[in-house]
Amino acid sequence: QQVEMAAAEEAIAGGARLPRVGLTASTHYGWPGFKGNEPDWDTWWQAGVNLSWNVFDMGRRGNEQKAARTKKTRLEKDREAIDRRVALDRLNARLTYEEVCRRRIIGEEKVLAARENYRTREDNYRVGTVTGSDYLDAHTELMTAEIDLSITCARVRIAWADYMRALGIE
């Protein structure tokens, strides 16, 4: 909308350099008539043309037109930059979402591996082939993997919200 207004300002500034033409026309009916010494009511009309063209204005109108053109160009470039920035923001948000989704898949695999390791260590602890600290380390690994997965799931939701915002969907 600002670009359209700047284009209109440029057209106005360019129009100021053109000559101006004015037309006038009128009809009259009255007494005394056109001839002042005759006592009759008369109808008469008159028409005129006015032409003015400011040729020497020391470049003021040309400078106004150049300023309007420069403003329009600047606004067009600003709009293009904003469009590029929005497109880049959308791309970054989508890539972030895809990356976080991949991390969630990896986190789920880590939880499965840690759970299997914990079960193995638990069985080995009951048999007596591993120490209690190994058993507790496996439990800590499982808890850490589950906490990391929870954090990653929260990041997935945040990345999805950022992606929807970048698309303009609230």
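**Exercise 1. Place Leu112 in the fold, and decide whether Leu112 is buried or exposed.**

Step 1. Leu112 sits in helix H2. Helices here are DSSP runs of H or I with at least four residues, strands are runs of E with at least two, and both are numbered from the N terminus.

Step 2. Leu112 counts as exposed because its relative accessibility is 55%. The scale runs as follows: buried is under 20% relative accessible area, exposed is over 50%, and partly exposed is in between (1.4 Å probe, protein chains only).

Step 3. Now look along the chain: Ala8 is 104 residues away from Leu112, and their C-alpha atoms are separated by 66 Å.

A word on the ground rules: this is a predicted model, in which local features need pLDDT of at least 70 and side-chain atom pairs count only at pLDDT 80 or more, while totals for chains, interfaces and linings use all residues. Residues are numbered from 1 along each chain as its sequence is written, and side-chain values use heavy atoms, with hydrogens and water left out.

**Exercise 2. Work out how spread out the chain is.**

Step 1. List the elements: there are 3 helices and 2 strands, in the order α-β-β-α-α from the N terminus.

Step 2. Compare the radius of gyration with the globule rule: the chain has 41 Å, well over the 15 Å given for 170 residues, so the chain is more spread out than a compact globule. The radius is taken over C-alpha atoms, and the rule is 2.2 Å times the number of residues to the power 0.38.

Step 3. Check this against the principal axes, along which the C-alpha trace spans about 140 × 40 × 15 Å. Of the 170 residues, 19% count as buried.

**Exercise 3. Test the length of helix H3 and find what its buried residues pack against.**

Step 1. H3 covers residues 132-167 and has the highest mean pLDDT among the elements, 95, whereas strand S2 (residues 42-52) has the lowest, 79. pLDDT is the predictor's confidence in each residue, from 0 to 100.

Step 2. The expected span is 1.5 Å times one less than the number of residues. For the 36 residues of H3 this gives 52 Å, which agrees with the 52 Å between the end C-alpha atoms.

Step 3. The buried residues of H3 include Tyr135, Ala138, Leu142, Ala145 and Leu149. An α-helix has 3.6 residues a turn, so residues three or four places apart point the same way. The buried residues of H3 pack against helix H2 (60-127).

Step 4. Just after H3 comes Gly168, with a positive phi near 90°.

**Exercise 4. Which residues does Thr152 contact, leaving aside its neighbours within four places in sequence?**

Step 1. Thr152 belongs to helix H3 and counts as buried because its relative accessibility is 12%.

Step 2. With those neighbours set aside, Thr152 is in contact (heavy atoms within 4.5 Å) with Val100, Arg103 and Arg104.

Step 3. The Thr152 side chain also reaches the backbone oxygen of Asp148 at 2.8 Å.

**Exercise 5. Do the same for Glu10 and Val130.**

Step 1. Glu10, in helix H1 (residues 2-15), counts as buried because its relative accessibility is 15%. Beyond its neighbours within four places in sequence, Glu10 contacts Gln65, Ala68, Arg69 and Lys72.

Step 2. Val130 lies in the loop between H2 and H3 and is buried, with a relative accessible area of 18%. Leaving aside its neighbours within four places in sequence, Val130 touches Arg121, Asn124 and Tyr125.

Key:
Polar contact = N/O pair within 3.5 Å; in protein donor to acceptor, adjacent residues only side chain to side chain.
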